[in-house]
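Reader: I should like to work through the reading of domains, sheets and helix packing on an actual case. May we take one chain and proceed feature by feature?

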Amino acid sequence: MQCPKCRAPMHTYNRNGVQIEQCSGCRGIFLDYGELESLTRLEAQWSQQAAPPPPAAPHAPAAPQAYPAAPQPAWGAPHGGHHGGHHYGHHRNKGFGRMLFSS
Amino acid sequence: MTVIALLPELAARAEGVAHTRVPTCSCEVGGTLADRPDGTVVRHADTVAKAHAPDADTGELVRRLSLAAGLPEVFLPPLGPAPVDLHGRLVTFWPYGSPVDPDDPDAAPWEAVGTLLALLHRTPVPESAPVMRGPLKAARAVAGLHAVGDHPAVAPVLDAWATLPAWARAEAPMPRPAALCHGDLHLGQLVRVPGASWRLIDVDDLGVGTPAWDLGRPAAWFACGLLAPWEWGRFLDAYRAAGGPALDAAEDAWAVLDVPARALTVQTAARTVTKAVADGRPLDEVDHALVDACRRIAAFPADLAYGSTK
């Protein structure tokens with residue numbers, strides 16, 4: 001396939017079972033549907049192996065940093081990633097109230 | 001046409017049933033718990049009376065009450081097998097249960113939600129069970145949005161709706177394997193009664209359908225950035241641990257969750273935009289999170305390999 005940005009040919013590489021297309025010109029990378037999730041999953045497995053999270057006490061809110069990246073759909077919102085749960089403090093109470101209703 | 005004041009009559013019925021249960025009722029606590037076009041709920045002491053939607057079908061409601069009564073570990077059991085008529089509205093009676101605390105997100109019973117859904121989905125489906133009404137509710141929410149008119153949030157929501165397969169738009173039967181489903185799960189659908197743990201309430205949409213639909217709303221909250229990954233994980237882990245069949249064979253949960261999560265994002269966005277416009281208020285940050293998710297949904301075609309019905 002051709003790079004949508006610079007029109008140079010793209011080459012297929014296999015990275016841990018995930019196929020990615022990289023442009024021979026601008027080095028840009030193209031991911032098919034689902035491939036980003038596969039990479040996220042691999043990253044989660046890797047970080048679990050690298051640093052196993054301490055077991056959380058039941059019902060205690062788990063530390064955001066300790067939780068491996070949960071897979072989400074291609075259209076999912078950015079979830080703050082390694083920078084922690086900052087995003088949720090912002091939305092949390094208001095968003096939580098909405099979860100109590102059918103709206 | 002005479003306009004009947006529903007609330008005072010419903011309150012009187014709740015009081016009547018409460019006093020048959022506890023003749024020494026102190027009558028101290030009570031009031032209106034909900035008053036919406038699709039349902040009005042009034043409490044008197046330990047008893048709750050619900051007036052169902054004006055278009056509720058008696059036969060289907062009786063079958064749904066029977067399903068709930070037969071699953072006391074999952075559903076709050078109704079006080080009686082059939083609704084009574086109150087000026088054309090069907091009314092049912094229930095024990096009162098304490099709801100989820102809206103001011104304490106850390107106390108949200110994510111494990112209980114996952115476990116109760118798994119138990120419900122594992123229940124053998126009785127032949128008499130009606131059809132789960134989730135996709136129908138989504139379609140109605142989108143139909144309501146058409147009446148909003150010219151608003152910048154309308155087009156993204158309709159574009160996202162267009163990515164859905166026919167079954168998720170209530171235009172075709174839901175894909176099998178089917179299970180008994182709640183049909184309208186959210187955190188307001190859990191209550192706790194003394195001496196028991198959490199139970200599901202609201203049988204109006206209960207029936208046979210694709211079980212992933214019940215996971216769709218938490219999945220939508222998570223995908224919209226409203227539910228933190230660790231809370232989503234608690235819910236999903238509990239569902240799997242209790243043997244929930246919706247994700248049984250799926251290596252990647254999102255292969256199964258994608259369509260329901262899209263549909264419930266669209267439904268929630270459609271309702272909230274319709275309501276904001278009707279109330280004459282601007283969209284708030286939660287509304288924007290939902291509409292932005294619809295924009296992203298429209299940019300990624302749904303994986304039609306799952307659940308496509310020809």
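Author: The turns that follow treat the domains, then a sheet, then a pair of helices. Please keep in mind throughout that this is a predicted model.

Reader: Let us begin with the domains. Which residue ranges does the domain assignment of chain B give?

Author: A division of this kind is read first as ranges and then as a contact between the parts. In chain B, domain 1 covers 6–96 and domain 2 covers 105–299, according to the domain assignment. Their C-alpha centres are 25 Å apart.

Reader: How many residues of domain 1 of chain B are in contact with domain 2 of chain B, and which helix supplies the largest share of that side?

Author: On the side of domain 1 of chain B there are 14 such residues, and they meet 15 residues of domain 2 of chain B. Helix 2 of chain B (residues 58–69) supplies the largest share of the domain 1 side, with six residues. By class, that side of domain 1 of chain B comprises nine nonpolar, one polar and four charged residues.

Reader: Next, the sheet. What is the order of the five strands in the open sheet of chain B?

Author: For a sheet, one reads the strand order, then the edges, then the pairing. Here the order is 1-2-3-5-4 in chain B, and the pairing is antiparallel. Strand 1 (30–36) and strand 4 (84–86) of chain B each have a single partner strand, so they form the edges, with one side of each lacking a neighbour in the sheet. The average turn between neighbouring strands, direction ignored, is 25 degrees.

Reader: How many bridges join strand 1 and strand 2 of chain B?

Author: Six bridges join strand 1 to strand 2 (residues 39–44) of chain B, in the antiparallel sense. As one point of reference, D35(B) has T40(B) in strand 2 of chain B as its bridge partner.

Reader: Which strands of chain B does helix 1 touch where it packs on the sheet?

Author: Helix 1 of chain B (residues 6–21) touches strand 1, strand 2, strand 3 (47–52), strand 4 and strand 5 (89–95) of chain B. The direction of helix 1 makes about 45 degrees with that of strand 2 of chain B.

Reader: Finally, at what angle do helix 3 and helix 7 of chain B pack?

Author: One reads the angle and the axis distance together, then the handedness. Helix 3 (residues 110–122) and helix 7 (residues 229–241) of chain B pack at about 30 degrees, and their axes are 7 Å apart. The two helices of chain B are therefore roughly parallel to each other. Their crossing is right-handed.

Reader: Which residues of helix 3 and helix 7 of chain B meet?

Author: Among them are W110(B), V113(B) and L117(B) in helix 3 of chain B, and R234(B), F235(B) and Y239(B) in helix 7 of chain B. The contact between helix 3 and helix 7 of chain B contains eight nonpolar, two polar and three charged residues.

Key: Residues are numbered from 1 along each chain as its sequence is written. Chains are lettered from A and ligands numbered from 1 in the order in which they are written. This is a predicted model: local features need pLDDT of at least 70, side-chain atom pairs count only at pLDDT 80 or more; totals for chains, interfaces and linings use all residues. Domain bounds come from an automatic or database domain assignment. Two residues are in contact if their C-beta atoms, placed from the backbone, lie within 7 Å. Helices (H or I, at least four residues) and strands (E, at least two) are DSSP runs, numbered from the N terminus. Ala, Val, Leu, Ile, Met, Phe, Trp, Tyr, Cys and Pro count as nonpolar, Asp, Glu, Lys and Arg as charged, and the others, Gly among them, as polar. Axes are lines fitted to C-alpha atoms, for helices over the stretch in contact, and angles run from 0 to 180 degrees between N-to-C directions. Angles under 35 degrees count as roughly parallel, over 145 as roughly antiparallel, 65 to 115 as roughly perpendicular and the rest as oblique. A crossing is left-handed if the near helix is turned anticlockwise from the far one by less than a right angle, and right-handed if clockwise. Two strands pair if DSSP finds at least two bridges between them.
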